[in-house]
Amino acid sequence: MFKRIPGTKDILPSETPAWQTAEAEARRIFSLYNYQEIRTPIIEEASLFNRTLGSATEIVQKQMFLIHNQEDLYALRPEGTASIVRSYLENNLEKTRGFQKLYYIGPMFRFERPQKGRLRQFHHIGAEAIGSEEADLDVEIISLAAEMLKNFGISGHQIKINSLGCPLDKKKLSDTLKKELSGRMDLLCPDCRTRAQNNILRVLDCKNDSCRQIVKDLGLKEEYLCPDCHEHFAGVKRGLEDLGIPFKTDPRLVRGLDYYNRTVFEISHDGLGSQDAIGAGGRYNNLVHELGGPEMGAAGFAFGVERLLLVPNSLNRTLPQKLVYLVTLGKEARRAGIKILNRIRNAGIPADIDYLNKSLKGALRSANDAGAAFVLILGEDELKKNSISMKNMSDGSQKEVGLDNLIGELKC
Ligand SMILES: [Zn+2]
Ligand SMILES: [Zn+2]
């Protein structure tokens with residue numbers, strides 16, 4: 001028998017209600033904040049990601065799902081932002097309306113060793129607001145994420161924020177780190193020794209104990225920020241305070257991707273163990289220009305849907321459904337029953353029929369298993385009287401209803 005590829009997951013009917021709730025709530029909140037949906041292909045030119053995420057990042061070096069097609073090298077998207085900025089520019093969205101607020105929901109792909117909380121195909125719910133450098137926009141992005149979590153039924157999470165500053169500040173921070181770490185290279189984990197060469201900021205968020213201790217001893221502050229970036233970060237913090245959104249500043253928070261500058265943030269939850277991030281984002285002011293567009297600010301975030309679902313008691317609401325279940329006895333009743341079933345569905349009421357042709361008792365059990373609110377029983381007697389038996393499953397009461405009144409009875 002065939003099996004799914006390691007690191008992928010079937011989302012089964014028992015799980016989809018939580019997914020549907022997450023997606024429906026996300027869409028509702030996005031529209032409250034005036035974000036519009038964009039859907040880009042899951043496959044792009046691989047060089048789009050090399051260019052934007054950074055060729056030294058772990059995603060590009062080790063985790064890209066590559067597809068070789070004659071001369072072309074394609075990649076399954078490892079994240080959403082690069083594709084959306086590509087689409088924004090390719091479709092001239094900056095010319096129709098400079099400032100755009102976009103959201104997306106869909107699968108992402110990273111080729112990595114499958115482990116708990118990490119999949120090769122996983123799903124993001126994310127937003128990108130392109131065309132403004134204002135600190136208020138960073139505040140909106142973070143507050144939108146916080147509002148969404150509230151509506152997912154999630155509490156007890158922590159929002160950490162930091163500012164990486166502009167590219168000059170980032171370079172200053174990298175240089176300081178290089179200097180500080182040069183004497184302590186042998187204490188770093190093997191990954192960080194490589195990072196120190198080509199992506200040194202990542203040393204800051206290494207989970208290795210020895211690396212954490214070294215980073216802690218550095219006593220990093222915001223001194224690398226220029227006055228403008230300092231003021232911008234102050235604006236973000238002030239805005240979050242004004243909205244009563246709890247957050248913690250964390251000078252070690254860097255996010256691994258090259259395109260981030262100024263504000264970065266991460267939302268984590270203690271209920272998840274060592275891979276505790278449920279969402280993250282930040283500002284990426286140079287990305288639009290990097291991809292051939294004008295200089296313009298942008299900020300965004302994404303939640304990992306699988307991570308959200310790991311939070312205990314999140315999204316556990318099932319969608320209310322008032323299913324009507326039809327049981328027929330005999331050939332004549334069956335034929336008439338199929339037509340009645342059709343009428344009920346056309347009236348907008350979810351309805352189903354017993355397809356296993358079981359005994360009355362067996363059919364009633366099926367109705368119960370399906371979570372039916374009402375069971376309709378149609379036998380030859382009822383058929384002659386142009387009526388049907390209607391059983392209310394919540395209180396067990398039963399009555400006979402004329403077929404002409406059936407829809408009205410089911411609707412009340
Ligand atoms: Zn700066
Ligand atoms: Zn390390």
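This note describes the fold of a predicted model, from the whole chain down to single residues.

1. Overall form. The protein chain has 412 residues and a radius of gyration of 28 Å, whereas a compact globule of that length would come near 22 Å. Its C-alpha trace spans about 90 × 50 × 45 Å along the principal axes. Buried residues account for 35% of the chain. The secondary structure consists of 16 helices and 16 strands.

2. Domains. Two domains are assigned: domain 1 covers 16–155 + 253–310, and domain 2 covers 324–411. Their C-alpha centres are 47 Å apart. A pair of residues gives a further impression of distance in the model: Glu128 and Arg365 are separated by 237 residues in sequence and by 49 Å in space, C-alpha to C-alpha. Considering contacts between residues at least 6 apart in sequence, 68% join residues that are at least 24 apart.

3. The sheet of 8 strands. This sheet is open, its pairing is mixed, and its strand order is S1-S5-S6-S11-S10-S9-S7-S8. Strand S1 (36–37) and S8 form the edges, each pairing on one side only. Helix H6 packs on the sheet, where it touches strand S6 (121–130), S7, S9, strand S10 (277–283) and strand S11 (298–304). The direction of H6 makes about 15° with that of S11.

4. Strand S7 and its partners. S7 comprises residues 157–163, and 5 of its 7 residues are buried, so the strand is largely enclosed by the rest of the structure. With strand S9 (residues 261–269), S7 pairs in the antiparallel sense over 7 bridges. Within this pairing, Gln158 stands opposite Ser268, and Lys160 stands opposite Glu266. With strand S8 (residues 248–249), S7 runs parallel and is joined by 2 bridges. Here Ile161 has Thr249 as its bridge partner.

5. The largest nonpolar core. This core holds 77 residues, and those touching the most other members are Ala22, Ala127, Ile141, Ile142, Ala145 and Leu308. Helix H6 (residues 135–151) gives the most to the core, with 10 residues. Beyond residues up to four places away in sequence, Ala22 touches Ile125, Phe152, Val305, Leu308 and Leu315. Another core lies apart from this one; it has 19 residues, among them Tyr325, Ile353, Phe374 and Leu376.

6. Glu128 in strand S6. Is Glu128, a residue of strand S6, buried or exposed? It is buried, because 26 other C-beta atoms lie within 10 Å, and the threshold for a buried residue is 20 or more. Neighbours within four places in sequence aside, Glu128 is in contact with Thr81, Ile84, Leu102, Ala298 and Gly300.

7. Helix H4. Two of the contacts of Glu128, Thr81 and Ile84, are among the buried residues of H4. H4 spans residues 81–90 and is mostly covered, with 7 of its 10 residues buried. The buried set consists of Thr81, Ala82, Ser83, Ile84, Val85, Arg86 and Tyr88. After the helix comes Asn92, which has a positive phi, near 55°.

8. The sheet of 5 strands. A second open sheet, also of mixed pairing, follows the order S13-S12-S14-S15-S16. Strand S13 (351–353) and strand S16 (398–402) stand at its edges; each has a single partner strand, so one side of each lacks a neighbour in the sheet. On average, neighbouring strands are turned by 25° against each other, direction ignored. Strand S12 (residues 324–328) pairs with S13 in the parallel sense over 3 bridges, and Leu326 stands opposite Ile353 in S13.

9. Helices across the sheet of 5 strands. Helix H13 (residues 331–346) lies across S12, S13 and strand S14 (374–378), and runs at about 165° to S12. Helix H14 (residues 360–369) lies across S12 and S14, and runs at about 170° to S12.

Key
Residues numbered from 1 in each chain as written. Chains lettered and ligands numbered in written order. Predicted model: local features only at pLDDT ≥ 70, side-chain atom pairs only at ≥ 80, totals over all residues. Domains from an automatic or database assignment. Buried ≥ 20, exposed ≤ 12 C-beta atoms within 10 Å, placed from the backbone. Helix = DSSP H or I, 4+ residues; strand = E, 2+ residues; numbered from the N terminus. Pairing = 2+ DSSP bridges. Core = buried A, V, L, I, M, F, W, Y, C linked by C-beta atoms within 7 Å. Contact = placed C-beta atoms within 7 Å. Rg over C-alpha atoms; globule rule 2.2 N^0.38 Å. Axes fitted to C-alpha atoms, helices over the stretch in contact; angles between N-to-C directions.
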